Amino acid sequence: MKSLLLIAHGSRRAASNDEVRALAAKLGTMTRHFDTVSCAFLELAEPSIPDGIEACVQQGAQELVILPYFLSAGRHVAEDIPELVQPKQAQYPELKIELRSYLGAAEALPALLLNLVE
């Protein structure tokens, strides 16, 4: 089974976290590549990244793609997220975990931004 885990920062504002949950649910209805799509948060919201990975494992994931929903490669993307993923990879060596590049690095982003304003 292949799962997608969308990683966001997390917010004190519950509605912001709910937006991320809604996006993950929408992705789940749109994809044919993933059996499950869920989300997790770096801080300030639940589930945490380790808990999100654990939930995917408990649902039967054999492959896990982690997508950081961040616009720039700051410390969270470059250091914090990999540091939280690594222990789960060590805990589940049979689980194929692929940490993808962050949203802001997507080649399609400039065109998407222009579509929003033109």
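The accessible surface of the protein comes to about 7,200 Å², and carbon and sulfur atoms account for 55% of that area. The structure described here is a predicted model, and every value below was computed from it. Beneath the surface, buried residues make up 34% of the 118 residues in the protein. The overall dimensions come next. Along its principal axes, the C-alpha trace spans about 45 × 30 × 25 Å. The radius of gyration is 14 Å, which agrees with the value near 13 Å that a compact globule of 118 residues would have. Charges can be summarised in a similar way: the protein carries 10 positive and 15 negative charges, and the mean positions of the two groups are 5 Å apart.

How many helices and strands build the protein? There are four helices and four strands. Reading along the sequence, one meets them in the pattern β-α-β-α-β-α-β-α. It also helps to ask how far apart in sequence the contacting residues are. Of the contacts with a separation of 6 or more, 74% are between residues 24 or more positions apart.

The interior is a good place to look next. In soluble globular proteins, nonpolar side chains tend to be buried together. In this model, the largest nonpolar core has 18 residues, and those with the most contacts inside it are L5, I7, I49, I53, L64, I66 and L95. Strand β1, helix α2 (49-58), strand β3 (63-68) and helix α3 (75-91) each supply at least two residues of this core. Which element gives the most to this core? The answer is α2, with four residues. I49 shows what such a position looks like in detail. Leaving aside its neighbours within four places in sequence, I49 is in contact with L5, I7, A40, F41, L42, I81, L84 and V85. There is also a second, separate core of eleven residues, which includes L4, A24, C39 and V65.

Two residues inside the protein can be followed together. S3 is found in strand β1, which covers residues 2-8, while C56 has its place in helix α2. Is S3 buried or exposed? S3 counts as buried because its relative accessibility is 0%. C56, at 1% relative accessibility, counts as buried too. Not counting residues up to four places away in sequence, S3 touches F34, T36, C56, A61, E63, L64 and V65. With the same sequence neighbours set aside, C56 touches S3, L5, S38, A61 and L64. The pair S3 and C56 thus appears in the contact list of S3 and again in that of C56. Distances can be followed from C56 as well: its C-alpha atom and that of I66, ten residues apart along the chain, are separated by 11 Å.

The loops offer a contrast to these buried positions. H33 lies in the loop between α1 (14-30) and β2 (36-41). With a relative accessible area of 63%, H33 is exposed. H33 and L113 are 80 residues apart in sequence, and their C-alpha atoms are 25 Å apart in space.

The loop between β2 and α2 has two features of backbone geometry worth a closer look. One involves L44, which lies in this loop. L44 has a positive phi of about 70° although it is not a glycine. L44 is partly exposed, with a relative accessible area of 43%. The other involves P47, whose place is also in the loop between β2 and α2. What kind of peptide bond joins E46 and P47? It is a cis peptide bond, with omega at about 0°.

Further along the chain, R100 lies in the loop between β4 (96-99) and α4 (109-117). Its relative accessible area is 40%, so R100 is described as partly exposed. Not counting residues up to four places away in sequence, R100 touches V65, I66, L67 and P68. These contacts include I66, one of the residues with the most contacts inside the largest nonpolar core, and V65, which belongs to the second core. R100 and T29 are 71 residues apart in sequence, and the distance from C-alpha to C-alpha is 21 Å.

Key: Residues numbered from 1 in each chain as written. Heavy atoms only, no water. Buried < 20%, exposed > 50% of the residue type's maximum accessible area, 1.4 Å probe, protein only. Contact = heavy atoms within 4.5 Å. Rg over C-alpha atoms; globule rule 2.2 N^0.38 Å. Areas by Shrake-Rupley, 256 points an atom, 1.4 Å probe, with all protein chains shown as cover. Lys, Arg positive; Asp, Glu negative; His and termini not counted. Charge placed at Lys NZ, Arg CZ, Asp CG, Glu CD. Core = buried A, V, L, I, M, F, W, Y, C linked by side-chain atoms within 4.5 Å.
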